[in-house]
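Work through these exercises with the model open beside you. Try each task before reading its solution.

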Amino acid sequence: MQKEKIEGIRKQFFVDLETAGNEAELFDLEKKYLGRKSEFTEIMKSLGSLSAEDKKVVGPLANGARKEISDAIEVKRTALRNKGFDFESEKIDITIPGNKRGAGHLNPISLIVNDIQDIFTAMGFEVSDGPEIETEFYNFDALNIPEHHPARDMQDTFWLKQAAKNKKNGSEERLSMRSQTSAAQVKYMEQHTPPFKIIVPGKVFRSEATDSTHEHTFYQFESLVVGENINVGNLKFVAQEFFSLLFKQDVKVRLRPSYFPFVEPGFEFDITCTVCHGKGCKACRYGGWLELGGAGMVNQNVFEAAGYPRGKYTGFAWGFGLERLAMMKYKIDDVRLFHSGDLRFIRQF
Ligand code: PHE
């Protein structure tokens, strides 16, 4: 009788054991089969009332089954704890070379900005910046740009629907995506007293149709050097030094008279073509020169807008297109590639 009962419990236990899927269930199972109120405990207790002969048979049988059950529970418990951790397949061979993870690439614009910053900081310049959303004051008024100048027009400047409060007189002021890094000039001058020399690399925005040489969003880098005796010779020298270091060759600078409201005199700024060194080639359309942007001596009206006394300081400024430089340096033939997000392009740098 007892014998069959023990065998029955044992069998049922192994069926139940299969269904225990976690440690809590296993704990319940243990309680059910080996706990104080379990059938098994009852049997063990009843051993005393058996005949000496039966005891000899049932005793070892009961003890054996009990041990078997408790061992099986321990094995299962360990298995459950290590579940999801298959030692065999998780074995790590530290001699196998690792998987290479792509580290990403810097956009050539970032590369050239880094180069420019290195060169200028070595020359004692400070790198400054300004917000990409700028008030009409800093982007235009402070730069002596007349109210009806076409550059303020809808076709060139992206105007925002929101307006800002003018710091000085509290009036409503229009906001734009800055159309030139020159917008950082007066902002910087309001906070600093000359002498100083800064560059401002950054993004600018213009409402333009795009083609292989035009983008609505592009980079410029501004330079502003102000002191008591700064002259055009300084402008030319600093620029020439800089471009020669950037392109690792002797670069010549050419200034052609031009007009920008915030400089007087103002210039169009050219350098000798870095491909043919001025002889004329496809890259410079056989002219030998590359046009990089505007430059000039800071207009006294701009100093006045910044709160400097008229006539006390002189300074030079320029604003060059960065894409043009990166295109020359890295031999890129379409400006739209910079912002294309095309990895085949980026991976080449
Ligand atoms: N801000 C001018 C432009 O974007 C360039 C410039 C900068 C001209 C500084 C003169 C002095 O066209």
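**Exercise 1. Polar contacts of the ligand**

Task: Find how far an oxygen atom of the ligand is from an N or O atom in the side chain of Arg206. Then look at Ser182 and Gln220 in the shell.

Solution:
- Start with Arg206: a side-chain N or O atom is 2.8 Å from an oxygen atom of the ligand. Keep in mind that this is a predicted model.
- Apply the cut-off: a polar contact needs N or O atoms within 3.5 Å.
- Go on to Gln220, where a polar side-chain atom lies 2.9 Å from a ligand oxygen atom.
- End with Ser182. Its polar side-chain atom lies 2.9 Å from a nitrogen atom of the ligand.

**Exercise 2. The cover around the ligand**

Task: How much of the area that the ligand exposes when taken alone does the protein bury? Which elements give two or more residues to the shell?

Solution:
- Take the ligand alone: it exposes 330 Å².
- Add the protein, and 92% of that area is buried.
- Look for the elements next. Strand 6 (217–227), strand 9 (289–298) and strand 10 (314–321) each give two or more residues to the shell.
- Strand 10 has the largest share, with three residues.
- Count the shell: 13 residues surround the ligand.
- Sort them by type: six are nonpolar, five polar and two charged.

**Exercise 3. Two aromatic pairs**

Task: Why is the pair of Phe13 and Phe14 edge-to-face? What does the pair of Tyr330 and Phe349 tie together?

Solution:
- The structure holds 25 aromatic pairs.
- Check the ring centres of Phe13 and Phe14: they are 5.0 Å apart.
- Check the planes: they stand at 75°, so the pair is edge-to-face. The cut-off for this class is over 60 degrees.
- Compare exposure. Phe13 is buried, because its relative accessible area is 0%. Phe14 is partly exposed, because its value is 30%.
- Turn to Tyr330 and Phe349. Their pair is edge-to-face too, with 5.5 Å between centres and 75° between planes.
- Tyr330 lies in helix 11 (residues 322–330), and Phe349 in the segment after helix 12 (343–346), so the pair ties together parts 19 residues apart in sequence.
- Tyr330 is partly exposed at 23% relative accessibility. Phe349 is partly exposed at 25%.

**Exercise 4. The domains**

Task: Which domains does the assignment give, and how far apart are their centres?

Solution:
- Read the bounds: domain 1 covers 2–90 and domain 2 covers 108–346.
- Take the centres over C-alpha atoms: 84 Å separate them.

How values were computed: Residues are numbered from 1 along each chain as its sequence is written. This is a predicted model: local features need pLDDT of at least 70, side-chain atom pairs count only at pLDDT 80 or more; totals for chains, interfaces and linings use all residues. Side-chain values use heavy atoms; hydrogens and water are left out. A residue is near a molecule or strand if one of its heavy atoms lies within 4 Å of it. A polar contact is a pair of N or O atoms within 3.5 Å; within protein, one must be able to donate a hydrogen and the other to accept it, and residues adjacent in sequence count only if both atoms are side-chain atoms. Accessible areas come from the Shrake-Rupley method with a 1.4 Å probe; for residues, only the protein chains shown count as cover. Helices (H or I, at least four residues) and strands (E, at least two) are DSSP runs, numbered from the N terminus. Ala, Val, Leu, Ile, Met, Phe, Trp, Tyr, Cys and Pro count as nonpolar, Asp, Glu, Lys and Arg as charged, and the others, Gly among them, as polar. Domain bounds come from an automatic or database domain assignment. Rings of Phe, Tyr and Trp (its six-membered ring) pair if their centres lie within 6.5 Å; planes under 30 degrees apart count as stacked, over 60 as edge-to-face and the rest as tilted. Buried means under 20% relative accessible area, exposed over 50%, partly exposed in between (1.4 Å probe, protein chains only).
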